[in-house]
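Me: Hey, can you walk me through this one? I'm new to reading structures.

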Amino acid sequence: MASVVIMPKQGQSVESCILTEFKKNKGDKVAVGDILFAYETDKASFEEEAKVEGEVLAVLYNEGDEIPVLAIVNEVYFRMAYDYDTLFSQFKRKLNEKVSALVDGTYNLGSFSEFGLRRRLSEEAQDLAVKMLKERNAEFKDSKFVGTSNVYLAKKYGVTPVGTMAHEWIMCSGQGNHKHNPAYSNWYALDAWVKEYGILNGTALTDTITTDCFLKDFQLTYATLFSGVRHDSGDPYVWGEKMLSHYAKLGIDPMTKTLLFSDSLDFERASALYAYFKDKARVAFGIGTYISNDTDVPPLNIVMKVTKCNGQDVAKISDVEGKGMCKNADYVDYLNRCIKWRMENDCHRQL
């Protein structure tokens, strides 16, 4: 049985590695402990040892390539579990149908970006999707393709690299030091972010330890300095109305702020959300799997979240059961109790 070698993750801040040299090539015999390849991050250089013996069956990247951490998991799975050529033909057919639906106005999304790197069918599939959306963009009736979260493809096709802060940022900066009360995770994260970026803060992520707790800290200063907020769990309509109400209470015109939706979207859901919110706020979408891995077989649901920082447990709670992440149930209970106490007792209004 083949063993897949995945680019290791070297630290919580490392999003990609550069493959510098192959020590073994396709067809070479490998013994346990042999060096397979060398790679580097922005901090150091490393070598990867073989964990099993055998023969190199395939090499999916070239020397000098930048490898997105864990992005290869999807591609290897679909190439080994299915006939890849058949899947890619299905992907191209569905991609053409999506583009046609944007051109004829079946779906009207306003501004949207491609967010499908980790769940893409393959490198060539994501490349084709970004390329086609860029080339046909001017034909879309009431939709505008803004960019992609894949920085390489953004550079290749001259579109905007789009992204927000990650859950890991709030988990680590807010919970990585257990001297801090984890119910204030968002405050620590937002404070550090603003100190780094000043007035160029982009979009804030709301659901790491629930949006209700986030709003305790997202008061006038941060609500003014951030250009908008991102939805990633729970009912999007309830969340959107909650954010509109919050901005209004702070005296901020919601039409000056962006509601970015990114949770399990397809064009039909996004089009409905756009129609509902477009006259209430600026609306944008980050659409992942539906663009980068839509075939006739179900996609994988894979995520990567930090579970420890500085040797200590951290957790994501989310706005809905099933999207939380932590290996220590006792820590989750502690975090929930901290949040509950704060929500019931902390009446201080941050400015």
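Reply: Sure. One term to start: two strands count as paired if DSSP finds at least two bridges between them. Also keep in mind that this is a predicted model.

Me: Ok, so in what order do the strands of the open sheet go?

Reply: The order is 9-8-7-13-12-11-10, seven strands with parallel pairing. Strand 9 (160-161) and strand 10 (203-205) are the edge strands, each pairing on one side only.

Me: And how many bridges join strand 7 to strand 13?

Reply: Four, between residues 110-114 of strand 7 and residues 282-287 of strand 13. For instance, Ser113 has Gly286 as its bridge partner in strand 13.

Me: Switching to helices. At what angle do helix 5 and helix 6 pack?

Reply: About 105 degrees, and their axes are 7 Å apart. That angle makes helix 5 roughly perpendicular to helix 6.

Me: Which residues meet there, in helix 5 and helix 6?

Reply: From helix 5 they include Trp169 and Ile170, and from helix 6 they include Tyr188, Ala192 and Trp193. By class, the contact has six nonpolar, five polar and no charged residues.

Me: New topic: how many disulfides does a search of the whole structure find?

Reply: Zero.

Me: Why no bond for Cys309?

Reply: Because the closest cysteine sulfur, in Cys172, is 3.7 Å from the sulfur of Cys309, too far for a bond. The cut-off is 2.5 Å.

Me: What about Cys338, and is that one buried or exposed?

Reply: Cys338 is buried, at 12% relative accessibility. The closest cysteine sulfur to that of Cys338 is 9.8 Å away, in Cys213, so that's too far for a bond. Cys309 counts as buried too, at 13%.

Terms used:
Residues numbered from 1 in each chain as written. Predicted model: local features only at pLDDT ≥ 70, side-chain atom pairs only at ≥ 80, totals over all residues. Heavy atoms only, no water. Axes fitted to C-alpha atoms, helices over the stretch in contact; angles between N-to-C directions. Helix = DSSP H or I, 4+ residues; strand = E, 2+ residues; numbered from the N terminus. Parallel < 35°, antiparallel > 145°, perpendicular 65-115°, else oblique. Contact = heavy atoms within 4.5 Å. Nonpolar A, V, L, I, M, F, W, Y, C, P; charged D, E, K, R; others polar. Buried < 20%, exposed > 50% of the residue type's maximum accessible area, 1.4 Å probe, protein only.
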